[in-house]
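Trainee: Before I rely on terms such as buried, exposed or paired, could we go through what each one rests on?
Mentor: Yes, let us set each value against its definition and then conclude.

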2 protein chains.
Amino acid sequence: MTQKRPHVVVLGGGFGGLQAVRGLSRANVQITLIDRMNHHVFQPLLYQVASCALNPADIASPIRRILRKQENVSVLLAAATHVDTKSKKVFLDATPDASSPEGIDGLCCEVTYDYLVVATGATHSYFGHGDWEEHAKGLKSIDDALAIRRWVLLAYEIAEREEDEAARRAWLTFVIVGGGPTGVELAGALREIAHHVLRKDFRRIDPSTARVILIEAGPRLLAAFAPDLSKSAAMKLHALGVDVRLETAVTAIDAARVRTGDTAIPARTVLWAAGVAASPLARSLGAPLDRAGRVKVEPDLSVPGSPEVFAIGDVAALEQDGALVPGVAPAAVQGGALAAENIARRIRGVETLPFRYRDKGMLATIGRAAAVAQFGKVHLRGFVAWIAWLFIHILLLIGFRNRLLVLIEWAWEYFTYDRGPRLITGPTKPSIAGPQSTGRAPSHSPSSSASLTT
Amino acid sequence: MTQKRPHVVVLGGGFGGLQAVRGLSRANVQITLIDRMNHHVFQPLLYQVASCALNPADIASPIRRILRKQENVSVLLAAATHVDTKSKKVFLDATPDASSPEGIDGLCCEVTYDYLVVATGATHSYFGHGDWEEHAKGLKSIDDALAIRRWVLLAYEIAEREEDEAARRAWLTFVIVGGGPTGVELAGALREIAHHVLRKDFRRIDPSTARVILIEAGPRLLAAFAPDLSKSAAMKLHALGVDVRLETAVTAIDAARVRTGDTAIPARTVLWAAGVAASPLARSLGAPLDRAGRVKVEPDLSVPGSPEVFAIGDVAALEQDGALVPGVAPAAVQGGALAAENIARRIRGVETLPFRYRDKGMLATIGRAAAVAQFGKVHLRGFVAWIAWLFIHILLLIGFRNRLLVLIEWAWEYFTYDRGPRLITGPTKPSIAGPQSTGRAPSHSPSSSASLTT
């Protein structure tokens, strides 16, 4: 218990925050990692929980366990509400979402830092249409994934007992808004559930007739990838039976339909993979933000005007070679490592280093045994890309135990066309979509990423 | 599509209901299985989900998948609210708990049967103290297990940041009410979590100092077992550090403490493993009930006055050799088989057979590598009993896939003292304990059982 060690507070236990903590493992500092949730989520596989392929525990690991052996870190389960950079304090919600059994009085309502790493990630953005959130679930957390699983499975159950043909069609129509990696992956997975997993399970409906519609406002899917891979992805989705609609903007979403201009699509299940905004905590840093609410950081990732505060991952905006560093896990991990390094340098009184994002490539799966991958000039597609995707994701999954279980799950599902975790659990749609998820904006969601290599 | 096939309605997809459906697989009938949940739960292992050892999908399987190949059965996700034996109708809640996205109008509100099997199981009973439910969670469903997991993990998180010593002790005190198999298994598991799983994860608290108190009103634990095994169980729990209090009746439970007579135990987490009552649907059958609300069935398991209605498992009461048939899974399975047989006999116009429960033995685990088992006059304890428990449960788990994954999970946890599914997910305590679980009484919970062999 050395006194006077600098206190480093890290907000967010996603890819960036964890890397920042690890980068300081040998530094003579005391670290406090604060997250709303007790677990780190391997976000690139979140869609597999949503589509009944994996268990939550397969892709999430308790943060305390991950950091168990690093003695200079304490973990605190709490939601940070705002930062006061003048007094160097982080204010915490004493009754955060994840820890509100009645009777907790305002404990640990503020934490003072010497250095701060803001790694609170991104949240859904409905482009000013907050009312859409109730009807169009986004995918950022384990709870989101379980809610999507529940919505999708319930839609088939309700269709099975629905007498009216038009109403039944609406329950068997799944609309995904947004053609980035998450949208593409969800669309492929939903068609596979319809076509393979549920096919023999119902008596009155034929699940394989379910429609999956992927709506993208831009001219192509996977806009971050090269055009030839966008085309591959669209062709593969088309072959799976996904109705891909490009250059189509959603104009309204309610409980019964999605509108795109003059077209109304009767659909009971709408998933949101379109907009992302930085965690609202960024606003309290008193620094300039870009349109998505991200902090425009200095080249060394520090927050303008607050050299002891660093912002990394999806909550930070930095240009490199004329383009924004993408909001993917490798950028968050690299940012976390540099933030740790720069804090250590500042403590030693040495000049900080500028951030330089190294692109490790991008991957997206499109259903069973198909994917696209882009490693610099190497473009892969189909089975080869899928094998690359599989091994990279298995290797990156935290914890050997998870890797083994996930491999077995995938092998089982590959050969049997079956999916184990098809359970409808938890609260029902209204309470999920209602006060619980709309009331509070997430303040610490882990760094977002749909494509990933490290 | 033969017309005029008798319509058999089975309420509840637990051990009894599933067995009744299977028993009719070759009968010339049309079957409708109705359950509130989309999955069958392997209840004897539910405490392992509650104690972070297994994933929900490891012990639960979609009912549709289980019955996929049996063509004469349709599965309906709905909550039965009551039965009218005169008009032979089952009334369904059109917006049941598990399927209430807004906008479902009163569909399929009634189902007419020729034969009915009531296998709706049991629910918690708080002995007239309904207000205790909010503070003392019972364990009957996957959602219950996840809520207990959340409560237990959150208690440690809150203790870690609690400054006041007395308040911290209350968060680190876990009280289990009821010394039957579920109570004994939970108590052992909670001590193990404290002693092994979480030990190195916290910085300010020492989880191994957590108190686990098991309260039993009767003179011994595991009253259904032989006295020597009760004694073994108590000794083993004592060795694990569980504070076992026999002949102690709980007189009050609130958010902060449990009272037993003049003693107040400050405790923030209370689990309820004491009272069980038959599903409230039983009341609508117009037949005599016993004190726990079970239907006093005829020797052939039919409901008095309604020869075409059968009640099985935890919803039925039948004496045999001067004692009630116990509320365990094997009794439900055997009852389901006989109900199917007797329906087939009634269709053929043959006399029905009386029920004869064959005791296959009982098992209960007491933490790591210890258990008690009673097979007739053979009493096993310690490691041998645990090995018996392990293999019997692995064999009985539905689906090869689950067996393999559970074996790997257990092997991993056995050798590493680690537990994977330690995630805090889902709604917070107030909403779980509040309107959601107190508002509606479960009408279809699968057959309850803490000890099991088939």
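**Reasoning from values to terms**

Mentor: This is a predicted model, and a good place to start is helix H5 of chain B, residues 142-161, whose 20 residues reach 29 Å from the first C-alpha to the last, close to the 28 Å expected at 1.5 Å a residue.

Trainee: What makes H5(B) largely enclosed by the rest of the structure?

Mentor: A residue is called buried if 20 or more other C-beta atoms lie within 10 Å of its own, and 20 of the 20 residues of H5(B) are buried, so the helix is largely enclosed by the rest of the structure. For chain A, buried residues make up 57% of the 454 residues, and the chain has twelve helices and 28 strands.

Trainee: Why is Glu71(A) called exposed?

Mentor: The cut-off for exposed is 12 or fewer other C-beta atoms within 10 Å, and Glu71(A) has 11, so Glu71(A) is exposed. Glu71(A) is found in the loop between helix H4 (63-66) and strand E5 (73-77) of chain A, and its C-alpha atom is separated by 9.2 Å from that of Ile31(A), 40 residues apart along the chain.

Trainee: Why does Lys88(A) count as partly exposed?

Mentor: Partly exposed covers the counts between the buried and exposed cut-offs, 20 or more and 12 or fewer, and Lys88(A) has 18 C-beta neighbours inside 10 Å, so Lys88(A) counts as partly exposed. Lys88(A) is found in the loop between strand E6 (79-84) and strand E7 (89-93) of chain A, and its phi is near 55°, a positive value in a residue other than glycine.

Trainee: Asp321(A) also has a positive phi, of about 50°, although it is not a glycine; is Asp321(A) buried or exposed?

Mentor: With 7 other C-beta atoms within 10 Å, Asp321(A) meets the cut-off of 12 or fewer, so Asp321(A) is exposed. Asp321(A) lies in the loop between strand E24 (319-320) and strand E25 (323-324) of chain A.

Trainee: How do you know that strand E16 of chain B pairs with E17(B)?

Mentor: Pairing requires at least two bridges between two strands, and four bridges join E16(B), residues 257-260, to E17(B), so the two strands pair, and they run antiparallel. Within this pair, Arg259(B) stands opposite Ala264(B) in E17(B).

Trainee: What makes strands E15 and E17 of chain B edge strands?

Mentor: The three strands form an open, antiparallel sheet in the order E15-E16-E17, and E15 (252-253) and E17 (263-266) of chain B are the edge strands, as each pairs on one side only.

Trainee: Which strands pair with E22(B), and in which sense?

Mentor: Strand E9 (residues 115-118) of chain B pairs with E22 (residues 306-311) in the parallel sense over three bridges, whereas strand E21 (residues 302-303) of chain B pairs with E22(B) in the antiparallel sense over two bridges. Phe310(B) in E22(B) is the bridge partner of Val117(B), and Ser302(B) also stands opposite Phe310(B). The hairpin of E21(B) and E22(B) has two residues between the strands, and Gly305(B) there takes a positive phi near 90°.

Trainee: Where is chain A divided into domains?

Mentor: Domain 1 takes 7-124 + 276-348 and domain 2 takes 128-274 + 360-439. Their contact takes 23 residues from domain 1 and 32 residues from domain 2, and on the side of domain 1 that touches domain 2, H2(A) gives the most, with four residues. The residues of that side divide into 16 nonpolar, six polar and one charged.

Terms used
Residues numbered from 1 in each chain as written. Chains lettered and ligands numbered in written order. Predicted model: local features only at pLDDT ≥ 70, side-chain atom pairs only at ≥ 80, totals over all residues. Domains from an automatic or database assignment. Contact = placed C-beta atoms within 7 Å. Nonpolar A, V, L, I, M, F, W, Y, C, P; charged D, E, K, R; others polar. Expected span 1.5 Å × (residues − 1).
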